[in-house]
Amino acid sequence: MLAKVHSGAVLGVDGLSVIVEVDLALGLPMLTTVGLPDGSVRESKERVKAAIKNCSYEFPQRRITVNLAPADIKKGGAGFDLPIAIGILAASELFTTDLLKQYAIIGELSLDGELRPVPGVLPIALKVKQGGLKGILVPEANKLEAAVVKGVDVIAVKSLHHAVEFLAGKIHIDPIVLNQDDLLQNSVSYDVDFQEVKGQEHVKRAFEIAASGGHNIALKGTPGSGKTMLARRLPTILPGMNFDEALETTKIYSIVGKLTKETPLISTRPFRAPHHTISDAGLIGGGQIPRPGEVSLAHNGVLFLDELPEFKKHVLEVLRQPLEAGDVSIARAHQTLQFPARFVLVVASNPCPCGYYGDKIRECQCTPQQIQRYNGKVSGPLLDRIDLHLEVAAVPFKEISDERQGETSKLIKKRVDACRSVQEKRYKTKKNIHCNAQMGPGEIEKYCSLDPSAIRLLERSVEKLGLSARGYHRILKIARTIADMDNKKDLELSHVAEAVQYRRNG
């Protein structure tokens, strides 16, 4: 007998429809899995056999062939356990049902037949919706994640026996229903606030510009000057995510298994701060079956690299593509996968190895050669891709001890939202442009008109600072954001002058 069961896998960040075909034939009892399964899929035969027996079903003493179609794409993970077990029982004519044609099935089996959660359920549920199926059977722990997708009946099952009873029509299980709007609004919260930052008003201004235009920012200053504190508060003033952005981000976290039962939808801007010992595969993504890296986990949020010169140079160089393109391409022998990686980059570094070069109180212990070697660890092309460059000085005692509170993140965010709404209207006909930092040469020429005095200042600045064409364009992007914050149509002298100040150290 032959049985076909709809299931799914993950390819990149998208779902892949997989048909699990199970054939029972005469011959020596054995179970063979074909269709490019990896080790975890091949091992499923032992879990499936034990689960079927421990649920008091009879395991067929036949030659069992399991095919995972399409057969030319490698499949991994333990999510095929449940569809294989259901296929074997259906092919054994334990039950007959038309529901196998209407539902996709995914889940990992324990040896006693209970179901365990699997990663990647959200993108698979989206693929099920695109494929026109009625619904999907998922483990109980994955039910809220799958229910984020509207238009698909999500059936939560606890065990193999529970799934069989439903498919055989012996029990009814109500689909899981979620209110997406409530989920998006209620889960936005931050534990930090900009009002906790004492002093550093010029740096706060730069962070507001970065948030308003989606610009990358580099901080350089002595230890304890507040670089990390400021960076961790950037997400609190970024515009709130819409549902499409939240879904994009949640898909990535679903794939790597970082979703929790309590948070089925990521609606808070991600903040990722990998350690400087990270590998290039950990940062950019990769592996035998490619998985997203830190740049993709920071998608629609903030990627913070503290102690920038301590990162391996070849690790930093792989950042060039995502900074320019907003995604990462990972090539393998048989396929090339793309992971989204559109984020605001914040980098922080000390001015020298000891950290006190230029400090007014503590004396630097480094030689000129050591300072040059330390700063030379970060390449010019990478720094050139960062829009705003700031010197962060130590906060004086008078400002630290001041009891007055600074502006709250909520107040700053209100101004940022107003500035972003101007940009949304400007780029509403552009598919891949949502903020000023994403403008290309054509948009810069169209939307960054200068008055004569601003042109003269910009010309002198480019010559004096020796800026590249990229640096010139980034000044115009920053100036465009500052003009939007002032609600001005054209770029004026003051806008360009402030933008140039942020490139002097770049």
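Which loop does Pro70 lie in? The legends below, written for a predicted model, take up this residue and then several other parts of the chain.

**View 1. Pro70 and the cis peptide bond that leads into it.** Pro70 belongs to the loop between strand E4, which covers residues 63-69, and helix H3. The peptide bond that runs from Ala69 to Pro70 is cis, and its omega angle is near 5°. As background for reading this view, most peptide bonds are trans, and most residues other than glycine have a negative phi.

**View 2. Gln200, a residue with a positive phi.** Gln200 is not a glycine, and yet it has a positive phi of about 55°. This residue is found in the loop between helix H7 and helix H8, the second of which covers residues 201-213.

**View 3. The hairpin of strands E1 and E2.** Strand E1, made of residues 2-11, and strand E2, made of residues 14-25, run antiparallel and are joined by 10 bridges. One pair to look for is Val10 with its bridge partner in E2, which is Gly15. Two residues lie between the strands of this hairpin, and Gly12 takes a positive phi near 70° there.

**View 4. Helices H2 and H3 where they cross.** The axes of H2 (residues 44-54) and H3 (residues 81-91) come within 10 Å, and they cross at roughly 55°. The two helices are therefore oblique to each other, and H2 passes H3 in a right-handed crossing. On the H2 side the contact is made by Ser44, Arg47, Val48 and Ile52, while on the H3 side it is made by Asp81, Ile84, Ala85, Ile88 and Leu89. Sorted by class, the residues of this contact between H2 and H3 are six nonpolar, one polar and two charged.

**View 5. The open sheet of five strands.** Five strands with parallel pairing form this open sheet, and their order across it is E11-E14-E17-E10-E18. Strand E11 (271-272) and strand E18 (388-392) stand at the edges with a single partner strand each, so one side of each is left without a neighbour in the sheet. Within the sheet, strand E10 (residues 217-221) and strand E17 (residues 344-349) pair in the parallel sense over four bridges, and Lys220 stands opposite Ser349 in E17. When following any regular strand by eye, it helps to know that the side chains alternate between the two faces of the sheet.

**View 6. Helix H8 against helix H18.** The axes of H8 and H18 come within 8 Å and cross at roughly 35°, and the crossing in which H8 passes H18 is right-handed. From H8 the contact involves Glu208, Ala211, Ser212 and Gly213, and from H18 it involves Ile412, Arg415, Val416, Cys419, Arg420 and Gln423. The residues of this contact of H8 with H18 divide into four nonpolar, three polar and three charged.

**View 7. Helix H18 against helix H21.** The axes of H18 (residues 409-426) and H21 (residues 469-485) come within 8 Å and cross at roughly 115°, and these helices are therefore roughly perpendicular to each other. Their crossing is right-handed. Cys419, Val422, Gln423 and Arg426 in H18 meet Arg480, Thr481, Asp484 and Met485 in H21, and the residues of this contact divide into three nonpolar, two polar and three charged.

**View 8. Confidence along the predicted model.** The protein averages a pLDDT of 92, and 98% of the residues score at least 70. Where is confidence lowest, and where is it highest? The lowest is in helix H7 (residues 180-186), with a mean of 70, whereas the highest is in strand E14 (residues 302-305), at 98.

Terms used. Residues numbered from 1 in each chain as written. Predicted model: local features only at pLDDT ≥ 70, side-chain atom pairs only at ≥ 80, totals over all residues. Heavy atoms only, no water. Axes fitted to C-alpha atoms, helices over the stretch in contact; angles between N-to-C directions. Parallel < 35°, antiparallel > 145°, perpendicular 65-115°, else oblique. Left-handed = near helix turned anticlockwise from the far one by under 90°. Contact = heavy atoms within 4.5 Å. Nonpolar A, V, L, I, M, F, W, Y, C, P; charged D, E, K, R; others polar. Pairing = 2+ DSSP bridges. pLDDT = per-residue confidence, 0-100.
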